[in-house]
Amino acid sequence: MPDLLFSCSDDEHAAFAPPILEACRERGLDIRAARVALNPAAVDYIVFTPDGPVSDFAPFTGLKAALSLWAGVERIVGNPSLTAPLCRMVDPGLTAGMVEYVTGHVLRYHLGLDAVLAAQDGEWRPGLAPPLADHRTIGILGLGALGAAAGGALAALGFRVVGWSRRPKQVEGLECLSGEAGLIEVLMRAGILVTLLPATPETENLLDVTRLAVLQRGARIINPGRGSLIDEAALLAALDSGQVAHATLDVFRTEPLPPGHPFWAHPNVTVTPHIAAATRPGSAAQVIAENIRRGEAGEPFLHRVDRGAGY
Ligand code: NDP
Ligand code: OXD
């Protein structure tokens with residue numbers, strides 16, 4: 001009988017433990033689950049979030065895998081005490097949420113919704129119809145589970161979508177680029193830029209003063225990836241100069257975003273509190289249970305993190 005330890009917050013435990021145990025039962029897995037490991041050496045799997053108590057994995061000598069409830073694993077991937085496989089979360093529910101967040105904020109910019117709402121002042125102004133989607137190029141940095149899904153949804157709406165990834169790849173409906181030259185081309189062409197990259201040493205400050213300057217003047221940025229992708233001072237300067245017309249930011253170097261942070265009061269910044277896409281218990285439970293089944297059957301895990309690449 002595999003032993004499962006939940007190392008997450010109390011709220012996460014309350015939301016995720018019942019559907020995970022149910023999904024395990026559906027797979028014929030009889031699981032012994034605990035909040036506290038009385039015998040760490042007997043634990044087979046740890047359901048992990050950075051909000052939980054476990055940060056030293058050394059006592060878990062029999063661990064078969066750490067199963068992250070989060071998609072982003074930057075707070076665990078470099079942990080030297082974790083030698084067992086690490087699997088990140090790829091959850092259809094989370095992906096659907098990200099598609100909706102990105103599509104909604106792209107459409108806000110595309111349709112000029114802020115100006116539309118502000119212009120209801122009694123004066124009839126015809127002739128201000130926005131361009132159609134096929135006149136707008138959206139850049140997506142990161143073509144993984146989330147970037148590819150968001151890009152696909154935007155392409156289905158008619159937008160021209162040009163994406164960028166570490167390795168060359170093909171995503172239906174998208175123009176896909178890679179490498180430094182590919183990045184510069186995406187930045188030059190994107191009227192709206194969406195950043196869905198993981199936080200790694202390579203992506204730290206990817207959007208710095210030089211690369212922000214490559215964007216079309218008046219470009220918009222939507223960042224539901226990680227705060228570390230953008231040099232904050234460079235972004236604030238680009239917003240002040242009009243090089244970047246507006247930014248919608250969901251993730252930050254420090255979370256919660258401190259009350260005095262300039263992003264809060266900036267007229268051209270929309271702050272959302274890391275809500276772009278939550279892991280959904282029902283669908284995520286299937287992913288966790290499937291990985292436990294695979295571990296018990298000696299099959300390869302789903303969504304295993306490449307520790308060298310950092311995601
Ligand atoms: P994936 O691992 O599936 O995809 C990551 C993408 O980034 C891949 O296309 C990868 O390239 C690319 N990439 C990684 N490093 C580089 C690099 N150095 N240069 C160019 N491209 C690079 O991740 P997901 O799509 O599932 O998630 C992306 C991120 O979204 C997460 O890491 C997390 O930070 C964030 N997130 C935010 C949430 C929120 O609510 N705000 C919710 C969930 C996730 P390649 O294809 O070649 O591997
Ligand atoms: C995640 C997140 O990584 O919520 O899952 O940001």
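**Close-up of the F48 and F57 rings.** At 2% relative accessibility, F57 counts as buried (under 20% relative accessible area, with over 50% being exposed and partly exposed in between, using a 1.4 Å probe and protein chains only), and F48, at 5%, is buried as well. This is a predicted model, in which local features need pLDDT of at least 70 and side-chain atom pairs count only at pLDDT 80 or more, while totals for chains, interfaces and linings use all residues. Residues are numbered from 1 along each chain as its sequence is written, chains are lettered from A and ligands numbered from 1 in the order in which they are written, and side-chain values use heavy atoms, leaving out hydrogens and water.

The structure holds 2 aromatic pairs (ring centres of Phe, Tyr or Trp, the latter by its six-membered ring, within 6.5 Å; planes under 30 degrees apart are stacked, over 60 edge-to-face and the rest tilted). The ring centres of F48 and F57 lie 5.8 Å apart with planes at 45 degrees, so this pair is tilted.

**Close-up of the F252 and F263 rings.** The centres of these two rings, F252 and F263, are 6.2 Å apart and their planes stand at 50 degrees, so the pair is tilted. F252 counts as buried at 9% relative accessibility, and F263 does at 3%.

**Close-up of T137.** T137 is buried, with a relative accessibility of 14%. Leaving aside residues up to four places away in sequence, T137 touches R160, V162, R189, A190, G191 and I192, where contact means heavy atoms within 4.5 Å.
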